[in-house]
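Here is a short report for a reader meeting this structure for the first time. Please keep the sequence and the 3D view at hand while reading.

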Amino acid sequence: MRADAASRKEALDNSNEMAPVQGTVDVDVPITVLWEAFAHANWWPRWNKCFFWAHNRDLIEGQRLVWAFQPIRWYYLYKMFAIANIVEVEKEKKVTWEVTAMPGFYARHTYHMEDLGGGRSRFGSWEQAMGSQIRAGLTRRFWIAHFTFVKDRSLEGAKMLESIYRHDGRISEAALHGRTNWARGLALLLLFFLLLIGSSVAWFYESYVRLTAVEILPGVTAVLDGGGNSTLVRDGDQLLLIDTKFPPGSTLLRRWISKHVDIPVSMIVNTHYHYDHTQGNTQYPRAVIYAYQNVPDLMRKRDGAWWSQHQAAMPTKLVGDEATIRVGSQPVLLVHPGPAHTQGDLYAVIHRDDKDVVATGDIVFNTYYPMMDLGDGGMDLHGLRAAVQGLVDKYPNAIFIPGHGPIANSEDLRRYAAYLKSLTDSIDSAQHDGVTEDEAVARIDLSSWHLRKLPTFHDNHLCWSNAAMNIHWAYQLEAGTRIQRLNCTF
Ligand SMILES: [Zn+2]
């Protein structure tokens with residue numbers, strides 16, 4: 001040992017900043033075999049699970065030792081690189097190195113072994129450190145946890161060497177290889193998939209489930225996402241909710257309302273029969289529910305199984321092509337634009353403080369590819385375009401709360417109408433040229449509209465409303481085939 005290393009050891013012995021972290025284990029392995037396996041530093045990661053990687057092949061006094069540690073918990077995503085100087089090597093007895101490269105940190109680690117006779121050996125790990133990192137509470141806690149991790153994994157490793165020796169009568173590199181790599185590979189693969197699932201769930205929640213409330217005017221608030229967008233209109237002691245979402249967004253919405261509004265929902269408008277705007281009706285058993293006159297029929301025809309279990313939540317106040325309801329003293333105009341997103345749409349107009357707010361329901365998807373319902377009572381593509389254009393013409397200065405997507409103005413609606421026209425025109429010319437549905441999907445490029453895809457659920461199937469599906473749906477609507485395949489398997 002060199003003189004400066006000896007003086008550092010003496011300082012450490014006198015430091016008392018931490019007790020050494022140490023332990024031993026006895027193994028049924030002759031000392032010569034144990035040493036031979038141990039002295040290959042590049043084998044360490046295969047039997048000693050505190051190591052991720054080690055650079056050196058052999059242990060030579062005076063040389064540097066370079067390696068990377070595994071994290072102290074397998075799911076912490078760090079690898080800690082370390083560099084040390086080998087200060088002692090005594091064959092079949094011990095190896096010591098010092099870590100001096102880090103500011104405020106000096107550590108000394110010894111692996112030692114002892115011949116117990118009869119083909120048995122004692123293997124041990126000893127580590128002690130000093131410096132400001134050991135004196136400070138937070139870093140001290142980390143280092144002691146880390147030293148304990150190193151000691152425990154090392155002793156476990158010695159037992160693993162013992163089991164290989166018992167089985168094979170020797171400890172070969174190949175035996176070590178077979179032992180550990182598949183387990184590490186599997187763990188990494190599992191970790192990768194957990195991360196993938198975790199980040200997908202977080203993304204999905206952020207994108208589609210989390211509610212965002214926007215106060216449009218005093219007493220008029222849009223609560224976006226978590227299903228179809230919802231609108232709250234309050235006047236005096238009455239509270240109107242336009243569209244009630246579906247579980248779990250509908251529960252989040254009811255909680256949001258209880259927390260932020262001091263009166264209960266007294267009336268509901270369903271803009272159309274689709275589940276993502278109506279299933280949340282069950283959250284408000286005392287509210288009166290308005291809808292266009294054919295909506296209960298459509299609910300029974302199209303989602304009969306669900307509504308037969310929830311009949312009390314079906315709309316009972318049915319309106320014709322135009323009606324005005326009152327929320328306190330605030331009139332709310334309900335208009336049926338004719339067949340559009342469905343055959344039973346309503347939009348709601350609130351005129352307040354010289355401004356118009358229009359809750360459009362799914363007549364408008366803003367920035368998303370629209371969902372198209374091909375079933376009976378479903379979409380009329382040309383009627384939809386006319387309805388969107390009608391809103392632009394009638395309410396050029398209004399604030400629009402779309403069925404899906406962010407708050408819009410008439411410019412956004414104009415753009416949406418242009419998208420619907422472009423889609424319809426492309427389909428019409430494809431069909432005129434005798435192009436099949438699948439060819440049309442391959443040929444028509446909708447990417448320049450920069451629309452986002454939107455998930456919908458039907459019969460426990462997740463279906464993305466995206467460019468390809470818009471082409472499939474529009475193709476069938478234009479061809480008049482209307483084969484409803486909501487689970488997206490074309
Ligand atoms: Zn919807």
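Two strands count as paired if DSSP finds at least two bridges between them. With that in mind, one example: the bridge partner of Ala323 is Leu334 in β16. The model shown here is predicted.

## Two domains

The domain assignment splits the protein chain into two parts. Domain 1 covers residues 3-203, and domain 2 covers residues 210-479. Their C-alpha centres lie 62 Å apart.

## The sheet of 7 strands

Strands of a sheet pair through backbone hydrogen bonds, either parallel or antiparallel. Here, an open sheet of 7 strands has antiparallel pairing. Its order is β1-β7-β6-β5-β4-β3-β2. Which strands stand at the edges? They are β1 (21-27) and β2 (51-54). Each has a single partner strand, so one side of each is left without a neighbour in the sheet. On average, neighbouring strands of this sheet are turned by 25° against each other, direction ignored.

Start at the β1 end. β1 runs antiparallel to strand β7 (residues 120-130), and 7 bridges join the two. In this pairing Gln22 stands opposite Trp126 of β7. Helix α2 (residues 31-38) packs on the sheet and touches β1, β6 (106-117) and β7. The direction of α2 makes about 150° with that of β6. Helix α5 (residues 137-168) lies across β1, β6 and β7 as well. The α5 helix runs at about 5° to β1.

## From β3 to the β4-β5 hairpin

Now move along to β3, β4 and β5. Strand β3 (residues 64-69) pairs with strand β4 (residues 80-90) in the antiparallel sense, over 6 bridges. Val66 stands opposite Ile83 of β4. β4 also pairs with strand β5 (residues 94-99), again antiparallel, over 5 bridges. Glu90 faces Lys94 of β5 as its opposite residue.

How many residues lie between β4 and β5 in their hairpin? There are 3. Glu92 sits in this turn, in the loop between β4 and β5. Glu92 is not a glycine, yet its phi is positive, at about 60°.

## A cis peptide bond

Most residues other than glycine have a negative phi, and most peptide bonds are trans. Glu92 departs from the first pattern with its positive phi. A cis peptide bond is found between Pro247 and Pro248, with omega of about 5°. Pro248 is in the loop between β11 (238-242) and α7 (249-260).

## The sheet of 5 strands

A second open sheet to look at has 5 strands, in the order β15-β16-β17-β18-β19. The pairing in this sheet is mixed. β15 (322-327) and β19 (399-404) stand at its edges. Each of these has a single partner strand, so one side of each is left without a neighbour in the sheet. The twist averages 25° from one strand to the next.

β15 pairs with strand β16 (residues 330-335) in the antiparallel sense. This pairing runs over 6 bridges. The pair of Ala323 and Leu334, named at the start, are bridge partners here.

## α12 and its helix partners

Two helix contacts involve α12. Take α11 (residues 381-394) and α12 (residues 410-432) to begin with: they pack at an angle of about 160°, with axes 9 Å apart. Angles over 145 degrees count as roughly antiparallel, so α11 is roughly antiparallel to α12. Their crossing is left-handed. From α11, the contact includes Leu381, Leu384, Arg385 and Val388. From α12, the residues include Leu413, Arg414, Tyr416 and Leu420. By class, this contact has 9 nonpolar, 3 polar and 3 charged residues.

The other contact is with helix α14 (residues 467-479). The axes of α12 and α14 come within 9 Å and cross at roughly 65°. This crossing is right-handed. α12 contributes Leu423, Thr424, Ile427, Asp428 and Gln431. α14 contributes Asn470, Ala474, Tyr475, Glu478 and Ala479. These residues divide into 5 nonpolar, 3 polar and 2 charged. Thr424 of α12 appears in the contact with α11 and in the contact with α14.

Note on methods:
Residues numbered from 1 in each chain as written. Predicted model: local features only at pLDDT ≥ 70, side-chain atom pairs only at ≥ 80, totals over all residues. Domains from an automatic or database assignment. Axes fitted to C-alpha atoms, helices over the stretch in contact; angles between N-to-C directions. Helix = DSSP H or I, 4+ residues; strand = E, 2+ residues; numbered from the N terminus. Parallel < 35°, antiparallel > 145°, perpendicular 65-115°, else oblique. Left-handed = near helix turned anticlockwise from the far one by under 90°. Contact = placed C-beta atoms within 7 Å. Nonpolar A, V, L, I, M, F, W, Y, C, P; charged D, E, K, R; others polar.
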